[in-house]
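Thanks for asking me to look this one over. My comments follow as numbered points, and I hope they help as you turn the model on your screen.

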Amino acid sequence: MRLLVLQHIDCEHPGRLRDFLRDDGVEWTAVELDEGESIPPLDDFDAMWVMGGPMDVWDVEECPWLVPEKRAIRHWVRELQRPFLGLCLGHQLLADALGGTCGPQRPPEIGVLSVDLTSDGRDDAIFEQMGDRQYALQWHSVQVAQPPDAAVVLASSPECRVQAMRVGQRAWSMQYHVEVEDDTVRNWGAIDAYRDALESTLGPGSLDALAADADRCMDGFVADAEQLYRNFMTAAFD
């Protein structure tokens, strides 16, 4: 299997999921779009993952590469119908590329927070053997306001209705982060935009508290990440 990973900032990579890719001997190619790297020919790949980033889906003037990225996502999911996984910004880009809409998340969701599977989510292969309520790292100030046509909402929270969705049979996305590693919170806290959002939401000095919360939940994060990874591989290539 050949995996294409679209990244928007160096610190938002597949994180913990890299361990499972390595164990399975999966080859993957990362494209750092914010550094001017171009998307390679899509026919060379079997699956696409789209990661998070500090920009918003509508920031096309500051980040003109968002335009060809959305075009590639749309072609991948609609025409090629190949397996797709989007996380955080990748979740929003999937919605935007396919005709849905995104808007401000008020208040921003930042912290270790719960998400609940919908009835469709409980029946979806991506959440096989996973709990109806999951705790995950959230760090976003934009949400999917209206999912694209034919999208199925798989998870929700009181503050954000579309926490996870599926489009078609092989495209999944989550607003929250399943890829968290031991150093993720502190690495992201070193990014000005992320730290500013964190402190404006949770108060000055909140990075230490968030890192401690993540540490306490890390075993659950790892277990959920591995199960979701296994589920994706099984459902995507069945």
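1. Helices (H or I, at least four residues) and strands (E, at least two) are DSSP runs, numbered from the N terminus. By that count, the protein has seven helices and nine strands. Please keep in mind that this is a predicted model, where local features need pLDDT of at least 70, side-chain atom pairs count only at pLDDT 80 or more, and totals for chains, interfaces and linings use all residues. Residues are numbered from 1 along each chain as its sequence is written, and side-chain values use heavy atoms, with hydrogens and water left out.

2. On overall dimensions, the C-alpha atoms fill a box of roughly 45 × 40 × 35 Å, taken along the principal axes. The radius of gyration is taken over C-alpha atoms, and the globule rule is 2.2 Å times the number of residues to the power 0.38. For 238 residues a compact globule would come out near 18 Å, and the protein's 16 Å agrees with that.

3. Next, burial. A residue is called buried under 20% relative accessible area, exposed over 50%, and partly exposed in between (1.4 Å probe, protein chains only). The areas themselves come from the Shrake-Rupley method. Of the 238 residues, 54% count as buried.

4. Helix H3 (residues 89–97) is a good place to see this, as eight of its nine residues are buried. Among them are Leu 89, His 91, Gln 92 and Leu 93. Just after H3, Gly 99 takes a positive phi of about 100°.

5. Now for the charges. The structure holds 15 salt bridges, each being a side-chain nitrogen of Lys or Arg within 4 Å of a carboxyl oxygen of Asp or Glu. One of them joins Asp 182 to Arg 16, with the closest N and O atoms 3.1 Å apart. Asp 182 sits in the loop between strand E9 (171–174) and helix H5 (184–189), and Arg 16 in the loop between strand E1 (2–7) and helix H1 (17–24), so this pair ties together parts that are 166 residues apart in sequence. Which partner is buried? It is Arg 16, with a relative accessible area of 14%, whereas Asp 182 is exposed at 57%.

6. A second pair to look at is Glu 226 and Arg 230, whose closest N and O atoms are 3.7 Å apart. They are four residues apart in helix H7 (residues 206–236), which means that about one helical turn separates them. Glu 226 is partly exposed, with a relative accessible area of 33%, and Arg 230 is partly exposed too, at 28%. Elsewhere, salt bridges that share partners join Arg 16, Asp 19, Arg 22, Asp 23 and Asp 182 into one network. Within that group, Asp 23 and Arg 22 meet at 4.0 Å, N to O, and both of these residues are exposed.

7. Please also look at the negative surface patch made by Asp 10, Asp 34, Glu 35 and Glu 37. Patches use residues with over 30% relative accessible area and no salt bridge, with like charges joined within 9 Å. Glu 37 lies in the loop between strand E2 (27–32) and strand E3 (47–50), and is partly exposed at 37%.

8. Finally, a contact between distant parts of the sequence: Asn 187 and Glu 12 are 175 residues apart along the chain, yet their C-alpha atoms are separated by 9.3 Å. Asn 187 belongs to helix H5 and is partly exposed, with a relative accessible area of 36%.

Notes:
Patches are made of residues with over 30% relative accessible area and no salt bridge: like charges are joined within 9 Å, nonpolar side chains (Val, Leu, Ile, Met, Phe, Trp, Tyr) within 5 Å. Accessible areas come from the Shrake-Rupley method with a 1.4 Å probe; for residues, only the protein chains shown count as cover. Lys and Arg count as positive and Asp and Glu as negative; His and the chain ends are not counted. The place of a charge is taken as NZ of Lys, CZ of Arg, CG of Asp or CD of Glu.
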